[in-house]
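Biologist: Could you take me through this one slowly, and tell me how each term is decided?
Modeller: Gladly; here it is.

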Amino acid sequence: MDAAPAEQRSTSSAASSADAKQPDASLYLHPQTLARLGSFELRAKMIVEGVMSGMHRSPYRGVSVEFAQHRAYSPGDDLRHLDWKVYAKTDKLQVKQYQQETNLDLVVLVDSSGSMNYGTRSFESASGEGAKQSLDGRTNWTKFDHATALAAALSYVTLRQGDRSGLVVFADEIRAMVGRSSSRGTWRQIVGALSTETVDAPTDFPRAIDQVLGSITNRAMLVVISDFFTDLDAVRTALARVKHRGHDVIAFQILDRSETDFAFADAAPFEGLEGEGTLRVDPRALRAGYLDAISEHNRKLDKLFRSFGFDVQQFGTHDWLGPPLAAYVARRNALLKRSKHG
Amino acid sequence: MSFLNPILLGAGLAAVAIPILIHILMRRRRKPMKFAAMRFLIEAYKKQRRRMQLEQLILLALRCLLIALAALAIGRPLLGEGALGGAGPRTVVLVLDNSLTSRVATADGSTELDRSKAVAATVLDSLDVGRGDRAALILAGGPADPVVTPASTDLAAVGRLITNAQPTDSRANWPEAIAAATAAVEGATTQDDAGATRATVVLLSGFRSGSITDADSLAALAQDGAVSLSAITPAGAAAGNAWIQLVEPVRRVQITGPGASVRQVRVVVGRDEGSSAAAATATVTLRLREPGETETPTGDARVTRARVSFEPGDRVAAVTLALPRLDEIRRDGALLVEAAVESTDLQNTITADDTQLAAIELKRELRVGVVARARFGRRVGVNDFEPADWVRAALRPTPELSAGIEPVDLDPASLDAPRLAQLDAVVVLRPDLVNAGSWARLATFVRAGKPLIIAPPAAKGANTWPDALAEAIDTDLAVARDITEPPAPERLATEFTIEDSSPLALLQGELPALAGAVRVFQRLDLDSSESVRPLLVTETGSPIAAQITPPSSRGTITLFTTAIDPTWSELAAKPLFVPLMQELVRSGVGASTSARAATAGDRASTTLLPPRTTEIVRGQRSQRVAPGVTPPLRTAGWWRAVDEESRDQGLLLVRHDPQASETAPNDRDLVTAWLTGAEAQTGPVAVRWLAAEGEPAENTQAAVDTNDRTPWDMPLLALALAVGLAELILARYASHALKGTSATPIQDRAREAARA
């Protein structure tokens with residue numbers, strides 16, 4: 001599917017709705033909204049538009065000085081970029097867009113290990129009035145579903161910026177990969193790669209990073225979307241290499257709500273998704289210990305990323321995708337600003 | 001330890017498997033639940049594994065313990081010494097005291113026997129036929145009646161027998177009852193596997209003084225501690241009672257013709273020890289009854305009344321009443337004399353002992369055989385009097401008027417049975433002429449209750465007849481063969497004691513004055529012994545007349561040691577002789593009446609009854625009597641003794657036992673001591689006391705428990721409750737239902753960390 005027509009449709013609809021009665025754009029960023037759209041393209045578009053309209057300062061502000069094209073104004077755009085001449089002639093609000101001078105390569109790494117294939121939220125709930133189950137028959141909304149939605153949104157934004165975007169789906173090794181490109185076919189490739197499934201294997205983070213770094217020559221921004229249920233020493237090794245190569249990293253840790261509050265009461269045995277075996281315990285008896293353990297892990301994870309100057313942001317499968325997207329945009333802008341001045 | 005409900009205990013203990021099964025099933029049947037963050041769960045588990053396993057084990061143990069305790073409590077365990085097998089059948093021997101004091105009426109109108117029956121019923125209810133429990137029943141009212149022995153599993157039938165048990169007029173025969181109980185217990189033990197039977201003897205009595213006595217020697221009850229003893233708590237206070245202790249006609253044979261007998265009847269009234277401190281009065285009636293099969297009084301006209309007074313401290317008070325003129329009723333045959341307490345200001349809780357019976361026999365005259373050599377020719381004065389003349393004169397002082405006694409001359413050679421059967425008494429004045437066969441017939445005459453009076457012959461010479469007499473009556477008689485002539489004539493003693501039972505009791509007032517006038521010149525020496533009781537003695541203490549009671553004889557022999565002859569003594573010529581002979585005959589024939597008296601509690605043995613008796617009959621009831629067959633006599637009243645051809649052999653009077661009427665209480669320690677005395681061989685007795693007075697019979701459920709053991713169900717239930725609470729708390733703690741839910745989710749932790 002081509003991104004441009006969809007974008008046009010969406011933009012016009014958003015504009016018309018803004019004329020009449022401004023809807024809450026954040027609604028579009030809820031997973032159920034995304035699920036209802038049925039395709040990655042639409043999901044990504046809606047996410048991005050929602051994020052942009054919800055922000056007071058457009059991400060397009062001042063990143064380039066060379067005019068590129070006009071586009072319809074959307075609430076939140078900086079009024080400084082309004083083309084008053086066009087407005088005087090046509091009575092329509094158009095925003096001037098500028099050619100980006102510095103390209104930023106984005107590589108989205110999506111974890112497809114076994115632990116990502118977990119989610120307690122129902123697919124129907126996540127999809128609102130949409131499908132009751134996924135195309136492969138699942139009735140639950142997994143962390144991988146959430147990760148692919150975010151990855152698609154990030155790629156969409158990036159491609160719309162004219163930046164190059166690539167995608168790596170990895171687990172114990174790289175399962176699917178789309179090379180960085182800003183060509184029109186890249187989006188289709190990314191969407192195709194995101195349609196892969198998880199594997200019953202643990203995450204081998206260093207190996208995936210090694211393979212990715214081998215294919216990146218210029219500076220890039222790596223966005224890692226994972227639950228990070230892996231050995232932090234291995235993560236540290238991988239991050240050190242990334243840092244050494246001068247790349248920037250922003251990590252999004254996706255967790256299911258049951259993983260964060262562990263509110264199980266039924267004493268059924270627990271079975272791991274990455275071959276950890278079965279554990280027969282009373283969940284209430286272990287809740288405090290479990291929460292301690294996962295909190296400690298997250299704290300260490302956060303500390304680890306910060307030690308390299310990277311960001312890690314945690315969000316859940318029940319959360320909307322606005323915050324991570326905004327975080328990405330902010331990070332991107334900071335990075336561009338730094339490279340421009342530096 | 002044993003259990004009252006072993007079946008429930010078994011079911012409860014089996015239920016201990018339930019938590020274990022649940023534990024196992026919960027482990028196996030649950031479908032695994034996928035979870036992504038297993039590494040953290042495993043990490044937490046590794047840290048807490050030991051503690052959790054320990055908690056789980058403790059929880060499982062607590063749950064098992066909870067059910068086990070509940071099962072034990074339901075099983076109602078009994079702890080204590082002498083415990084027997086828990087699951088074995090129980091044998092309960094109920095010894096029901098239905099003696100006279102069980103008639104004591106309580107405030108609500110029921111009797112102590114009713115209360116004992118209620119307790120017995122409760123004890124029976126606590127038994128379980130399904131388990132093989134058995135009950136034996138022994139009625140202690142004497143003679144003790146082992147109604148159900150050996151113990152029977154037909155508890156309903158035992159219950160009916162208890163309901164139908166009637167009070168007796170006898171004392172409780174505890175030795176027999178306990179012996180029967182012991183036999184029942186031993187029988188039960190041998191019927192079962194060794195040690196599988198628990199036996200409890202339950203004594204259902206008020207233990208009043210009329211029921212028990214220290215003299216009772218009880219057989220050992222507990223053998224090797226296998227038998228436990230329960231008993232109703234002894235009555236606490238005297239119930240108060242008055243009764244006819246004795247009714248005794250002065251003359252049991254009454255002459256209805258001229259020379260009628262003394263018609264007086266002596267009645268003794270008894271009262272309780274508890275009420276003996278104060279003065280009291282009672283009205284006593286005397287009533288004549290026909291000894292028919294129905295208790296028809298002969299009419300109020302023949303009732304006499306007298307008032308009897310108790311002085312403070314007196315236990316008994318006596319009164320003498322006169323019978324109405326008997327010749328207006330009948331001239332011969334038997335009549336019953338019934339004395340009754342008509343009213344009294346004493347508390348009188350037992351009415352069954354307010355009457356007492358005596359029998360009198362009516363005769364137109366008494367025929368007395370005078371055995372002497374016949375003398376021919378005319379006697380002109382007392383100088384010509386021979387001994388037989390003196391005796392005839394004494395028996396019939398006025399020949400022209402009948403005095404009620406008719407002397408009959410008998411030759412010593414003609415003492416045959418038909419002649420003797422016509423006589424009421426025999427006076428033998430020539431014993432030296434009586435042959436061995438005649439002595440044997442005279443002995444039979446005495447055994448039948450008729451009096452025999454013997455005086456030595458006046459002729460000088462060695463006396464060998466005492467040997468023949470001694471042989472015939474099977475009694476050692478130390479009678480000297482040679483005549484003793486004191487250097488000086490001996491006078492009869494004037495100061496001696498005359499017992500009430502002496503045939504001369506009626507002469508008590510005149511005897512000292514009359515006896516002092518008699519001098520004795522010659523006599524035969526006679527040594528006193530157990531069977532020889534002096535009636536008259538000289539101043540030197542030598543017996544002049546003695547009463548001999550041959551073994552198993554109803555009658556007595558009066559033996560003079562001096563001949564009825566002026567050369568031997570002045571006895572025959574002095575005024576003493578007439579009343580002496582009259583009294584010896586009239587009182588002596590009293591023992592020969594056909595009526596026999598027995599006390600309730602005796603058995604109708606062949607020795608008690610007239611010789612030819614084969615059956616005793618009372619209304620529609622009859623019981624056979626034979627050697628070895630001795631029907632028990634438990635209630636007061638009269639029976640007719642009949643022979644094989646249903647000919648009347650006389651009356652059998654059964655009187656209530658006056659000793660059984662005492663309602664004074666015995667405290668628990670005394671009763672225990674009484675039982676302990678019986679148990680000396682096996683050590684002190686632990687008695688489980690049941691249902692104190694005023695306490696409902698329902699609290700006797702544990703009567704069949706052994707010794708002092710009490711059910712531990714309530715403490716066990718309390719313990720189970722405590723364990724249940726501990727399990728609840730530990731389960732909450734172990735499942736972290738408290739602290740687990742309060743643990744902060746990691747998002748909140750992250751926010752808190754960020755704020756910090």
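**How the terms are decided**

Modeller: Of the 756 residues of chain B, 45% count as buried. This is a predicted model, in which local features need pLDDT of at least 70, side-chain atom pairs count only at pLDDT 80 or more, and totals for chains, interfaces and linings use all residues. Residues are numbered from 1 along each chain as its sequence is written, while chains are lettered from A and ligands numbered from 1 in the order in which they are written.

Biologist: What makes a residue count as buried?

Modeller: It needs 20 or more other C-beta atoms within 10 Å of its own; 12 or fewer makes it exposed, anything in between partly exposed, and the C-beta atoms are placed from the backbone. In helix 9 of chain A, Val235(A), Ala238(A), Leu239(A) and Val242(A) reach the buried class.

Biologist: What makes residues 232–244 of chain A a helix?

Modeller: Helices are DSSP runs of H or I with at least four residues, strands are runs of E with at least two, and both are numbered from the N terminus. Helix 9 of chain A has 13 residues. Its span of 18 Å from first C-alpha to last is close to the 18 Å expected, a figure defined as 1.5 Å times one less than the number of residues.

Biologist: How do you know that the buried residues of helix 9 of chain A are on the same side?

Modeller: They cover an arc of only 100° around the axis, which puts them on the same side of helix 9 of chain A. The arc is taken from the directions from the helix axis to the C-beta atoms. On the other side, Asp233(A) and His244(A) are exposed. Among the elements covering the buried residues are strand 8 and helix 11 of chain A.

Biologist: Why is the set with Val108(A) and Leu41(B) called a nonpolar core?

Modeller: Such a core is a set of buried Ala, Val, Leu, Ile, Met, Phe, Trp, Tyr and Cys residues joined through C-beta atoms within 7 Å. The largest has 79 residues, and Val108(A) and Leu41(B) are among those with the most contacts inside it. Helix 6 of chain A gives the largest share, 11 residues.

Biologist: What makes strand 10 of chain A and strand 2 of chain B a pair?

Modeller: DSSP must find at least two bridges between them. Three bridges join these strands, which run parallel, so they pair. Gly272(A) stands opposite Phe35(B) in strand 2 of chain B.

Note on methods:
Two residues are in contact if their C-beta atoms, placed from the backbone, lie within 7 Å.
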